[in-house]
Amino acid sequence: MKRSERITKAVVLAAGKGVRLWPLTEHRSKHMIPIAGRPVIGHVVSAVESSGTRNLLVVTGYKEELIRKYLGDGTRWGVKIEYVHQGDVTGTASALSVTREQVADGDFIAVYGDLVLAPAAITRVLDTHRRKRSMATVGLVPVSRPESYGMARISGGWLTEIVEKPQPSESPSDLANAGVYVLNSTIFDYLEKTLRSGRGEYEITDAISSLAGEGKSVAWARIGASDWQDIGRPWDLLSANANLLARLKRSVHGTIEKGVTIIGRVNVERGAKVRTGTIIEGPAWVGSGAVIGPFAHIRAGTSIGRRAVIGNFCEIKKSIIMDDTHIQHLSYVGDSIIGERCNLGAGTIVANVKSSGKTVRMRIRDSLEDSGLRKLGVFVGDDVKTGINSSIMPGIRIASEAVIPPGSVVSEDVFAV
C-alpha cells in the first residue's frame, strides 16, 4: 500500500447484544446505550469520520432497527452509511465475514462498535499500516487485566499471535487487542477457516493469529490508554461517560432561572430548564426538554437525558439518567445508570458505598465480579418504578418494568416484574 493511497471504507461491527450489560440491553443493544449525550455507536462513527474515512458499512443484528433509525444514511456525520445483517450472531469473525462482497476490493478499517475511541486511535493504526505496508495491522492498548482481553505476542514491529484471556502470569505482553484493525481481502479466507473458540464463538483474533502464523505480515500500532475504552461491564459505561464529558466545551442554553450556579464544563441543550437554587458541577450534560430542580444538585460526571425531570432537593452524582425518566424530590442517585421512562418515587436513595468500605462486587451473567470500585450504585432497566422511601444497595441490577413497593430495601438483583 502506497502512503498516498487513502482507505475509503470502514466496517463497524454492531450486531451483538451485550449480555454482560443486562438489564440495560433488554430493549437496546450495547451500541445504543447513551453516554455523554448520544449512543455509544454515535461516538464510534464520529471517530471513524475524523480519521478521514467516509464510507461506512455497519453490521447489525440484535435490535438492529434502533441502530438503523439512529444512524440513518450517515448525513448528520458527513458520511455514507450502509448496512448488512448478521443473521446468526456467533462472534466477530462471522460478523466480519458477511461484509466480504462489499469490502473485498481493497484495504479497509474494521472496528468494534462498542468502544469509546478518540480519533487518534484509528489514525495511529492507519499510519502504521501505510508505513509498514502489511497484510493486516492491529491496534494494541496497554491494560492491567489481561484475563479480560486478547493479549498480543509481538516480535519487534510485528504481531505473531493473540492469546485470548490468559492469566496475568501467562500473558505474552501487557498489550491487548483494541478491536481496531486495517485489513484487506486476504482476511476473509482465514475467517472461513476459523473454528469456534472456547467461548463458542468465531473470533477475528483467531483468524489474525492464523494469518501471522503462516508468515504473513501483521503489524501492530500502540494506542494510548486515554484514547480507548472498552465497555464490556456496566461500570465501564460510567467511566466512559465521565471521560467523554470531560472533553466537552461549556455550552449553556435553555432556560436558566435566577439563583442557578453552573460550574465548569457543562452542556445544557436548548429547551432544557434549570430552576432556581440548582447547582450543576461540570463536566455534565443536560439534554433538551429536561427540567432540573428547584434546588437540585447535579455533580460531576453526570448525563441527564432528554425530557428527564430531576425534582427539588435531588442529588445526582456521576450517573447516566436516560430519556424521559423522572426522579422525584428528596432522592439521591450516585454512580448509577437509570434506564428510560423510569419513575423513582420521592425519597428514593441509592446506596453507592458498602458499609464495610470494601469494593463493590456485582453479578455479571453467572458469576460475581469485583468492580474494583469502592463507589458503585444501581443499574436499572427501562420503565421501572420505585415507591416512596425506597432504598437500593450497591451493585444491584433491576429488570425493566419492575415495580419496587414503597419503603423497600432492595439488597438483591430484581430479575422479573
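**Exercise 1. Find the residues that Y62 is in contact with, leaving aside its neighbours within four places in sequence, and then place Y62 in the chain.**

Solution. Start at Y62 and skip the neighbours within four places in sequence; the contacts that remain are A15, G16, K17, T25, E26, H27, R28 and S29. Keep in mind as you work that this is a predicted model. Next, look at where Y62 sits: it is found in the loop between β4 (55-60) and α2. Finally, pick D88, which is 26 residues from Y62 along the chain; the C-alpha atoms of the two are separated by 9.9 Å.

**Exercise 2. Describe how helices α1 and α2 cross, and say which residues make the contact.**

Solution. Step one is the geometry. Helix α1 covers residues 40-50 and helix α2 residues 64-71; their axes come within 11 Å and cross at roughly 50°. An angle between 35 and 65 degrees falls outside the parallel and perpendicular classes, so α1 is oblique to α2. The crossing of these two helices is right-handed.

Step two is the contact. From α1 come I41, G42 and V45, while α2 brings I67, Y70 and L71. Sorted by class, the contact of α1 with α2 has 5 nonpolar residues, 1 polar residue and no charged ones.

**Exercise 3. How many residues of α1 are buried, and how many of α7?**

Solution. Take α1 to begin with: 9 of its 11 residues are buried, and the helix is mostly covered. The buried ones are V40, I41, G42, H43, V44, V45, S46, A47 and V48. Just after the helix, G52 takes a positive phi of about 100°.

Now turn to α7, residues 204-213. This helix is also mostly covered, with 7 of its 10 residues buried. Here the buried residues are I204, T205, A207, I208, S209, L211 and A212. α7 is followed by G215, and the phi of G215 is positive, near 85°.

**Exercise 4. Classify the aromatic pair of F108 and F188, then do the same for F295 and F313.**

Solution. The structure holds 6 aromatic pairs. In the pair of F108 and F188, the distance is 5.9 Å centre to centre, with 25° between the planes, and the pair is stacked. F108 belongs to strand β6 (residues 108-112) and F188 to helix α6 (residues 186-192); the pair links distant parts of the chain, 80 residues apart. Both F108 and F188 are buried.

For F295 and F313, the ring centres are 5.4 Å apart and the planes are at 5°, so this pair is stacked. To place the two rings, look for F295 in the loop between β21 (291-292) and β22 (297-298), and for F313 in the loop between β24 (309-310) and β25 (315-317). The pair therefore ties together parts that are 18 residues apart in sequence. F295 has a relative accessible area of 43%; because this value lies between the cut-offs of 20% and 50%, F295 is partly exposed.

**Exercise 5. Is I280 buried or exposed, and what does it touch?**

Solution. Go to strand β19, where I280 lies. The relative accessible area of I280 is 0%, so the residue is buried. Not counting residues up to four places away in sequence, I280 touches T261, I262, I263, V266, V274, V286 and I298. You can also relate I280 to F295 from the previous exercise: they are 15 residues apart along the chain, and their C-alpha atoms are separated by 10 Å.

**Exercise 6. Locate the cis peptide bonds that precede P23 and P283, and the positive phi values of D383 and N389.**

Solution. A word of background helps here: most peptide bonds are trans, and most residues other than glycine have a negative phi.

- The bond from W22 to P23 is cis, with omega near 10°; P23 lies in the loop between β1 (9-14) and β2 (34-35).
- The bond from G282 to P283 is cis, with omega near 5°; P283 is in the loop between β19 (279-281) and β20 (284-286).
- D383 has a positive phi near 60° and lies in the loop between β34 (378-380) and β35 (385-386). At 23% relative accessibility, D383 counts as partly exposed.
- N389 has a positive phi near 60° and lies in the loop between β35 and β36 (391-392).

How values were computed:
Residues numbered from 1 in each chain as written. Predicted model: local features only at pLDDT ≥ 70, side-chain atom pairs only at ≥ 80, totals over all residues. Heavy atoms only, no water. Buried < 20%, exposed > 50% of the residue type's maximum accessible area, 1.4 Å probe, protein only. Helix = DSSP H or I, 4+ residues; strand = E, 2+ residues; numbered from the N terminus. Axes fitted to C-alpha atoms, helices over the stretch in contact; angles between N-to-C directions. Parallel < 35°, antiparallel > 145°, perpendicular 65-115°, else oblique. Left-handed = near helix turned anticlockwise from the far one by under 90°. Contact = heavy atoms within 4.5 Å. Nonpolar A, V, L, I, M, F, W, Y, C, P; charged D, E, K, R; others polar. Phe/Tyr/Trp six-rings, centres within 6.5 Å; stacked < 30°, edge-to-face > 60°.
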